[in-house]
Amino acid sequence: MKTKIDILSTKNLMVLLLSLSIVITSCNDDNTSDVECFDDFNYDDTTDEGPASWFNYCTDDGTINECGSTTRQSPIDISGVVNDPTLQSLSTLYANSITEIINNGHTLQFNYNGTGTVNFQGSDYSLQQFHFHANSEHTIEGSHKPLEVHLVHKNDSGHLMVLGIFFEIGAESTFLAQFIDNLPEEINETYLDFDLSYNASGLLPANLSYYHYKGSLTTPPCSEIVEWVVMKNALEMSQTQMDQFSGILHHNFRPVQPLAGRVIGAYDVN
Ligand SMILES: [Zn+2]
């Protein structure tokens, strides 16, 4: 509730400042643009809250907005990959979680209430939540996949490692089938089921070959703090399942960002 009040008062302040600025601008005939703060962001660049305007998005907790950076942003197009002999196999260990799904207006997010650990390059990262993007955010040789899930992990130092996994149209996903009839369709709606226990390992392809690069969050404030691990092998879902997800997600993918000289490494499971 406190956050909501703060946001409202910030908005009111901005309306006041904007009004004052319009008066000043009309007096001075000054073209100085105003800094805009958005209470919310979206994926529609025909509006002022779309990805092309995210660099203007203000955070209210002092976090630096890095959406305008051109050095280490995500997602990217995955092409020109090189084998990286320093990359190691992923070691995963997930315990079961109860089901908690929230529609936060940007994605469908599954909060993970079980313990889940992935060891990546000698560091243990624990699973916080996973969520979905339709179409995929990362592209392969310029092409989107229909759906991409992001499993967000954090280590004790606060660094993030996100596992990205693509879905393609094919056989029905037994993992998604557990939840498909209870996906919260309304913004701020939550589905909570203590009796529906599942394991996040059901989201991993059998073969854990992957791509790796250093990037960012794909939503404001686009912080450049993410080790990205994108699975080479996609999972399958039925067209009906895809339609149910896309009917809620509404094209929630950020356009690909400049590679800016970064190397995309590859690790292959033999
Ligand atoms: Zn994501």
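Contacts between residues 24 or more positions apart account for 65% of those in the chain with a separation of 6 or more. Please keep in mind that this is a predicted model. The chain has 270 residues, and 42% of them are buried. Its secondary structure consists of three helices and 15 strands. Two links between separate parts of the chain, a zinc site and a disulfide, are worth a look, and so is one helix.

**Surface**
- About 13800 Å² of the chain is exposed, and carbon and sulfur atoms supply 51% of that area.

**Zinc site**
- Three histidines serve as the protein donors of the zinc ion: His131 and His133 each through NE2, and His150 through ND1.
- These donors lie 2.0 to 2.1 Å from the zinc ion.
- Along the sequence, the donor residues follow the spacing H-x1-H-x16-H.
- His131 belongs to strand E7 (residues 123–133) and His150 to strand E9 (residues 147–154), so this pair ties together parts that are 19 residues apart in sequence.
- Both of these histidines, His131 and His150, are buried.

**Disulfide**
- You will find one disulfide in the structure, formed by Cys67 and Cys222 with their sulfur atoms 2.1 Å apart.
- As a reminder, a disulfide is a covalent bond between the sulfur atoms of two cysteines.
- The pair connects distant parts of the chain, with Cys67 and Cys222 sitting 155 residues apart.
- Cys67 is in the loop between helix H1 (2–28) and strand E1 (77–78), while Cys222 is in the loop between strand E12 (210–215) and strand E13 (226–231).
- If you are checking the geometry, the torsion about the S-S bond of Cys67 and Cys222 is about 80°, so the disulfide is right-handed.
- Cys67 and Cys222 are both buried.

**Helix H3**
- Helix H3 spans residues 239–249, and its buried residues are Gln241, Met242, Phe245, Ile248 and Leu249.
- These buried residues lie on the same side of H3, because they cover an arc of only 135° around the axis.
- The general background is that an α-helix has 3.6 residues a turn, so residues three or four places apart point the same way.
- Just after H3 comes His250, which has a positive phi, near 55°.

Notes
Residues are numbered from 1 along each chain as its sequence is written. This is a predicted model: local features need pLDDT of at least 70, side-chain atom pairs count only at pLDDT 80 or more; totals for chains, interfaces and linings use all residues. Side-chain values use heavy atoms; hydrogens and water are left out. Donors are N, O and S atoms within 2.8 Å of the metal (3.2 Å for Na, K and Ca); water is not among the atoms, so sites may look incomplete. Helices (H or I, at least four residues) and strands (E, at least two) are DSSP runs, numbered from the N terminus. Buried means under 20% relative accessible area, exposed over 50%, partly exposed in between (1.4 Å probe, protein chains only). A disulfide is a pair of cysteine sulfur atoms within 2.5 Å. Contact means heavy atoms within 4.5 Å. Accessible areas come from the Shrake-Rupley method with a 1.4 Å probe; for residues, only the protein chains shown count as cover. The arc is that of the directions from the helix axis to the C-beta atoms.
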